[in-house]
Each structure stands twice: as structure tokens, then as C-alpha cells.
Amino acid sequence: MGRIVLEHVSKEFPGGVQAVRDVSLEIGDGEFMVLVGPSGCGKTTILRMIAGLDEVTDGEVTIGDRVVTDEKPKDRDIAMVFQNYALYPHMNVEQNIGFGMRLRRTPKPVVKQRVSGAAQALALLDYLARKPADLSGGQRQRVAIGRAMVREPKAFLMDEPLSNLDAKLRVQMRAELARLHKQLGTTIVYVTHDQVEAMTLGTRVAVVRDGVLQQVDTPQVLFHNPVNLFVAGFIGSPTMNLVEAAVTGDKLEFGSHRLPVPPGTALEAYNGRTVILGIRPSDFEDADVWRDERLPVIEVTADVVEDLGTEAHVLFSVDAPPVQVEGVDEDPEAGAPIPLVAAEGTSVFTAAVDARTAARIGSTVRLSVNPARFHFFDRDSGRVIRSRPQPAASS
Amino acid sequence: MTTTGTTPPPTPVPGEVKPRRAIAKREDAAAPGAGKANWLVKLALVILCFLWIVPTLGIVVTAFRTPDAANTSGWWTVITSPLDFTQYTLSNYSQAWNEGMGNAFINSFAVTLPATVIPIMIAAFAAYAFTFMEFPFRDSLFVLIVALLVVPNQVALVPLLQIYGNVGLTGQFAAVYLAHIGFGMPLAIYILRNYMSTLPKAVVESAKIDGASHFKTFWRLIVPMSVPALASFAIFQFLWVWNDLLIALLFLGPGEKEVVTVTVAGLVGSQNQGWQLLTAGAIISMIVPVLVFISLQRFFVRGLTAGSVKG
């Protein structure tokens, strides 16, 4: 059983840095759990505490049916794949993969059989005699994964395993990992700062910020029902448009735009106050391409139009103060928003619309938007303002 | 090459051209385009090489001269008539060898080998602990060891001589190599720890998860990965001990157990006018360090850890 349970786990490093605060997390057997968050948020520390490489300051770690809080890494029956592969440079691929088994005095025929099994699964059979230095980045990464595989552990712990690969290879290895997980059915705990990896790989995703779990759920729920501003801003690419909006009766006002408050939203308490409105870029559509008469339309001037072929991103400014979510835009690799300098007091919005749009730079675009998919957050706490159950809201 | 007899410079030139070419070649390989040293740099290199080679050349030439020639004129006089073979002889080598150099060679090995191998062994263990293990006062202890680097071995000669006298070690090989081990250790630990701390931590952590004990991690991973540092320290230590005269002279002295340096020094002492013997002895004694250097220098390859982690 590869169940992993963290109960009220905290980590304080010497010097007083509180890296992880009271994290409780249950990872089911065979689950692909992704820990995601900006750099320095404590996600790697959580992983290292599961591995036993870092001791927990407080709390309890259970792997399988055993409490392993005070056990050594080798007794936890886990295997880890490191960001920089951590291959043994003086050993060839075969020796690298078999090292752990040889240490445990596994009989030689078994070692040989498992190594060739893993090599076959990872397309490494032709490279068994090579040293790591003679392998490409992707091959090295596969050796590192193979080394973890042959141990047949209760769980794989992966620390940003793809971040050293180039973009194309990363996409390839991502698919490879998903396939491998399906094939092996072993629990995987996977750390990344890349929300695209998190969304595509995870059975469930845990969003971490400043050592605190923000939300743990399936990628779909994270995307459609983020519990706070941070998760809303972190998950999704391009990032969610966030803006301050005033609630007046059944109208929402932001900049020069007025939109109806969608039915079923619990905004009554906020009447006359300001909330934070979040709109996914994908919830906009060019009204001249796809017209749904039921949806309200706003008119904007396109500052930038990026035609990606499959869709087009229309960037436009909204005359309302922007909402900065700390930590979201920090990593340049994490699909950060396009650095477009907005004038003081205006926010830059992105709309992902059909590629057939006629929008050009400087032209006026009519965008339809579905208020039922709006996200509202409390301005002070950053927490989501829950809408009443609406089956159609998150399709 | 045609030598007319009165052209002084040609002899050193072939010796210099080689290193220059080697350097230029390596630069080209490393950074094509950036490797074109301009002529000023080349000229400076030629001059430096020449200055560096002159004393060595003097030793080599003197070692082949007859006693008469060596006693009456400087080695540079051969340049005026380099093809006059009557002034050269090989007998200096056989004579120097017969002064007891064969036995001295064995003695030198008896001192140098333990003085090289033992500190490397101990220092590698210590460096591993300083790098990968956690224990109280680790950093202060390391600073203390590094501080020992500034202690010159001469300060310990008298106390050591007394202690050796008390325990009956005077005149034993161990007296010399123990002194060298002690004084080589701080540098060995320092070099090895600095090297080990550049090794990727993830490799050690990975081994930990794989189930390797400290002992296994050390022998199976860290030692093989530290070969460049081990080799460079081995070369240094070997050369120092092999070339050491002071400690060997004090603790072993001339006689049955004298080492090569003592014998070579004695060649001129006993003959008073035996520079041709001294230089021949020096060249014989050089053979071993040169062989050691050549055989170990291939371990100086950079990037032995290449491929272990992303590079």
C-alpha cells in the first residue's frame, strides 16, 4: 500500500526559517499528487520530509501502514528522482540503475532482469554500457527514473524532474511520466513550480504558498473553483484576469464596464462594496465570431493581439486598479503573464478567443463573457466568495 | 637545421616550440576564435619558457661533461662548440649510481610511499565527514585544521627529535614519514574537503535513499568521484616528500638508510668538486617524480563528474 499521510507536519530550519507550517495531506494509494507553488514555498521541503532527507520539526509522516517520522530514508521504501538527476558519474547506465539493488544484496539474476525490464520500459536498452556523461539530458532523466523504478518502492518522490530539460523534451517526458504512472500504478508525489505540469500530470494537485497548503483538489476543481486569490492567479495559463469591481445592486462595475451580477452569487452582503472579480481568459469570446445572445458584451480596444493559431490572445486595458497576487508572477518559467506595462491604475486583461477573430492591434473588439463563470474574492482576505450550488457554473 | 658552429640560440629553440604549440592547440579547442594569442603574448611566452629552461639546461649539460671540463669552465661554454664530443661523457651517471643511489632509491620509496598513501587515506575520511556528516563543532574543527596550515614543520623538528629519541624511532623510516604525514594532513584535508563540497549533494542523498551507509557512500561514490583531487594531492605530497632533504637528513641522516636527496647532496660534499656527479644524480633522482607526474596527470581531467547532474 503506497498511501502517504502527513499529519500537522511543520519544518523549521535552524535560524528560524519556517519552511512548512502545519501541513496535513493524505495521498491515496496509486495517486499522482503534484505539489505546486512558487519557488521557496516549501514544496520541496515537504517532499524531502516524506523522503526522510529533512527531519520534521513537528507532526507525523506515515507511509503505507507505518509511521516513519523517525525512520531513515532507506527504511521508508521510497525512491526519489532529483531535479539534477544525481546519477553516479563513474558508473554506466546499468550500474546506475542497479546500484540500489546491489546495495541491498538482491540476487544478481534478479538485478539483471529488473534492470533490463526498466531499460526496456524507458527505451534505454541500447545505452546500458554508457556513462551518464555520454547521454543526452532526456536519457539521463530516464536513467534517474529507471533507478527509482527498479526498486519497486511504495512511492516515487520526484523533485522537479523535468525542469532541466528543454521545452520540447519536457512535453515529451511529461507524457512519458503520465504513461509510466498508468502502467506502474505506484503512488507518485511530484514537485513542480510549473502549473502546466501540475494540471496535466496530477490526479490531485496541492497548491502550496509560504509553507501552507492552499488547496488540494483535482486540476479541474482548482481551475474552476479556486478557494482564494493565490490559487486563482497561480493555476491557469494565461493567468486569470483579476480586477477590483464595485457591486451596486445587481450590477458589477469595473472601469467603464458594467456587467450583471450572475444569478445565484452570494454577493448581497457586498452590496455597495468592492470585491475582486476574476475572469478566466478562456471565458471571453469574440462576439463577432461566436455570438450567444444570452451573454453580455463589452467593447474594448485591443492593445496586443497574439495569434497562436489555435486561439488568439487579445490583450486590452481596463480602467480599474490591478490586483497583484504575491508570488504568482515571480517565476518566469511558470507561464507568467506577458510583461505589458499598464498605465497607473489600469489593469491588463487577456482574452483567449477564437483564432478567426478579426481583432487587430488598436481595433475595437466586442467580447462576450459569461457572468456565470465569474470568480469573486473578498478584497481583504483574498478568499473566494462562494456562489450557491450551481450545476452549470463549472462545466 | 644547419649549424655553422657560431650560432648561439638554435639549441633551446626546438625545446620551446613544443609547449607553445600545445598551448595554442588547447586554446583553439576550448574556444575557437578566441584562441588567437597575439604576437606579444607569444613573445612573452617564448621569453618565459627560455628563462625557465636555462637552469634545467645547465643541469642537463653539466651532467654530461667530463670532470675536467666541469671543473674548469661553465656549462654554457659548450654552446660555442656543441659538436665537440670529446667534452661529453656518460660516466657521470654510472659513477653517481655507484655512490649508493640504488639503495637510496629503495629508501626513498620506503619513506615516500607511506608518506603519500597514509595521509590521503586519513584525509579522505576526514574530508568526507567534514563535508557530508553533521556533528557538533564541525566547522570550528575544520577551521582549526586549516589554521594548522601555517605551522612550518621546522618548528617541530626539535620536539620531534626528542620524542623520537624517547620512543626509539630515531633512524627509522617511520620517523620521517610520520613527520611528513602530520604536516601533509592539513593541506590534504583542506583540498579534499573543498573538492568534495563541490560534488552534487543530491548524489549522496540519492545513495542514502538507495540504502548506502556512510562507509559505502564513501568507497563506492565519493572516492571514485574525488579521483582528480586525490591525484593532485598525491602528486604534490609525493614530490614534496621525495624532494625533502631537511627532515630526511635530520631523522635518518647519511648512512645505511639515507634517501636519494641525501645521497645527491653528498655527491658534491664528498668530492668537493663533483658538480658533474651532483647533476647526474639529480637527473637520476628526477626520473621517479617525472614518472609519477606523467602517470597521474591524466586524472586531472576536468569534468569527471560530467553527466552526473545537469551540466
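Three short exercises on a predicted model follow, each with a worked solution.

**Exercise 1. The nonpolar core**

Find the residues of the largest nonpolar core that touch the most other members, then name the helix that gives the most to this core.

*Solution.* Start with the core, which holds 181 residues. Those touching the most other members are Leu35(A), Leu157(A), Val189(A), Leu277(A), Val314(A), Val176(B) and Leu192(B). Next, take the helices. Helix H7 of chain B, residues 173–196, gives the most to this core, with 13 residues. Finally, look around Val189(A). Leaving aside neighbours within four places in sequence, its contacts are Ile4(A), Ile27(A), Met33(A), Leu35(A), Leu47(A), Ile50(A), Ala155(A) and Leu157(A).

**Exercise 2. Chain B against chain A**

Describe the side of chain B that touches chain A.

*Solution.* Count the residues: 21 of chain B are in contact with 26 of chain A. Then assign elements. Helices H8 (201–210) and H9 (214–225) of chain B each give two or more residues to this side. H8(B) has the largest share, 7 residues. Last, sort by character: 11 nonpolar, 5 polar and 5 charged residues on the chain B side.

**Exercise 3. Two packed helices**

Classify the packing of H5(B) and H7(B) by angle and handedness.

*Solution.* H5(B) covers residues 138–147. Its axis lies 8 Å from that of H7(B), at an angle of about 125°. The two helices are therefore oblique to each other. Their crossing is left-handed. Now list the contact. From H5(B) come Phe142(B), Ile145(B) and Val146(B). They meet Pro186(B), Ile189(B), Tyr190(B) and Arg193(B) of H7(B). The tally is 6 nonpolar, no polar and 1 charged.

Notes. Residues are numbered from 1 along each chain as its sequence is written. Chains are lettered from A and ligands numbered from 1 in the order in which they are written. This is a predicted model: local features need pLDDT of at least 70, side-chain atom pairs count only at pLDDT 80 or more; totals for chains, interfaces and linings use all residues. A nonpolar core is a set of buried Ala, Val, Leu, Ile, Met, Phe, Trp, Tyr and Cys residues joined through C-beta atoms within 7 Å. A residue is buried if 20 or more other C-beta atoms lie within 10 Å of its own, exposed if 12 or fewer, and partly exposed in between; C-beta atoms are placed from the backbone. Helices (H or I, at least four residues) and strands (E, at least two) are DSSP runs, numbered from the N terminus. Two residues are in contact if their C-beta atoms, placed from the backbone, lie within 7 Å. Ala, Val, Leu, Ile, Met, Phe, Trp, Tyr, Cys and Pro count as nonpolar, Asp, Glu, Lys and Arg as charged, and the others, Gly among them, as polar. Axes are lines fitted to C-alpha atoms, for helices over the stretch in contact, and angles run from 0 to 180 degrees between N-to-C directions. Angles under 35 degrees count as roughly parallel, over 145 as roughly antiparallel, 65 to 115 as roughly perpendicular and the rest as oblique. A crossing is left-handed if the near helix is turned anticlockwise from the far one by less than a right angle, and right-handed if clockwise.
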